[in-house]
Amino acid sequence: MRERLVNAIVRLGIATLIAWVFATTSLPIIPAPKWFAYVQVPVVIFVFLCYAGKLLIDTFFYDRYKP
């Protein structure tokens with residue numbers, strides 16, 4: 001159980017770092033319109049929360065068969 005929890009914490013940390021990068025950086029190639037900033041952060045946070053929820057459900061409630 002400890003190994004699964006450490007693995008989940010590491011994966012959650014990596015996902016947090018990726019979400020932070022996507023939420024704080026803008027697109028350098030395309031000049032983004034002003035409304036894009038109001039859409040970018042909520043979408044990144046929504047995707048991060050969905051991934052974190054799936055990760056926690058898989059970590060704690062996934063049935064691992066051991067014969």
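Start by selecting α1 and α2: their axes come within 10 Å and cross at roughly 175°. Angles over 145 degrees count as roughly antiparallel, and α1 and α2 are therefore roughly antiparallel to each other. The model on screen is predicted.

**The whole chain**

Zoom out to the full chain. Its secondary structure consists of 2 helices and 0 strands. Of its 67 residues, 13% count as buried. Turn on the surface: the accessible area is about 6,000 Å², and carbon and sulfur atoms account for 74% of it.

**The contact between the helices**

Next, show side chains along the two facing helices. On the α1 side, select Arg4, Leu5, Ala8, Arg11, Leu12, Ala15, Thr16, Ala19, Phe22 and Ala23. The residues they meet in α2 are Gln40, Val41, Val44, Phe48, Tyr51, Ala52, Leu55, Thr59 and Phe60.

**Phenylalanine 36**

Move to phenylalanine 36, which lies in helix α2. Its relative accessibility is 25%, so phenylalanine 36 counts as partly exposed. Add serine 26 to the selection and draw a C-alpha to C-alpha distance: phenylalanine 36 and serine 26 are 9.2 Å apart in space and 10 residues apart in sequence.

**The nonpolar patch**

Now select Met1, Leu5, Ile9, Leu56, Ile57, Phe60 and Phe61, which form a nonpolar patch on the surface. Together they have about 740 Å² of accessible area. Colour the selection by helix: α1 (2–24) and α2 (34–61) each supply at least two residues of the patch. The largest share, 4 residues, comes from α2. Two patch members, Leu5 and Phe60, also appear in the contact list between the helices, Leu5 on the α1 side and Phe60 on the α2 side.

Centre on leucine 56, another patch member, which lies in helix α2. Is leucine 56 buried or exposed? Neither label applies, because its relative accessible area is 39%, which makes leucine 56 partly exposed.

**The salt bridge**

Last, select aspartate 58 and lysine 54. Side chains of opposite charge can pair when their charged atoms come close. Aspartate 58 and lysine 54 form a salt bridge, with the closest N and O atoms 2.4 Å apart. A search of the whole structure finds 1 salt bridge. Why are aspartate 58 and lysine 54 separated by about one helical turn? Because the two residues are 4 residues apart in helix α2. With 31% relative accessibility, aspartate 58 counts as partly exposed.

Methods. Residues are numbered from 1 along each chain as its sequence is written. This is a predicted model: local features need pLDDT of at least 70, side-chain atom pairs count only at pLDDT 80 or more; totals for chains, interfaces and linings use all residues. Side-chain values use heavy atoms; hydrogens and water are left out. Patches are made of residues with over 30% relative accessible area and no salt bridge: like charges are joined within 9 Å, nonpolar side chains (Val, Leu, Ile, Met, Phe, Trp, Tyr) within 5 Å. Accessible areas come from the Shrake-Rupley method with a 1.4 Å probe; for residues, only the protein chains shown count as cover. A salt bridge is a side-chain nitrogen of Lys or Arg within 4 Å of a carboxyl oxygen of Asp or Glu. Buried means under 20% relative accessible area, exposed over 50%, partly exposed in between (1.4 Å probe, protein chains only). Axes are lines fitted to C-alpha atoms, for helices over the stretch in contact, and angles run from 0 to 180 degrees between N-to-C directions. Angles under 35 degrees count as roughly parallel, over 145 as roughly antiparallel, 65 to 115 as roughly perpendicular and the rest as oblique. Contact means heavy atoms within 4.5 Å.
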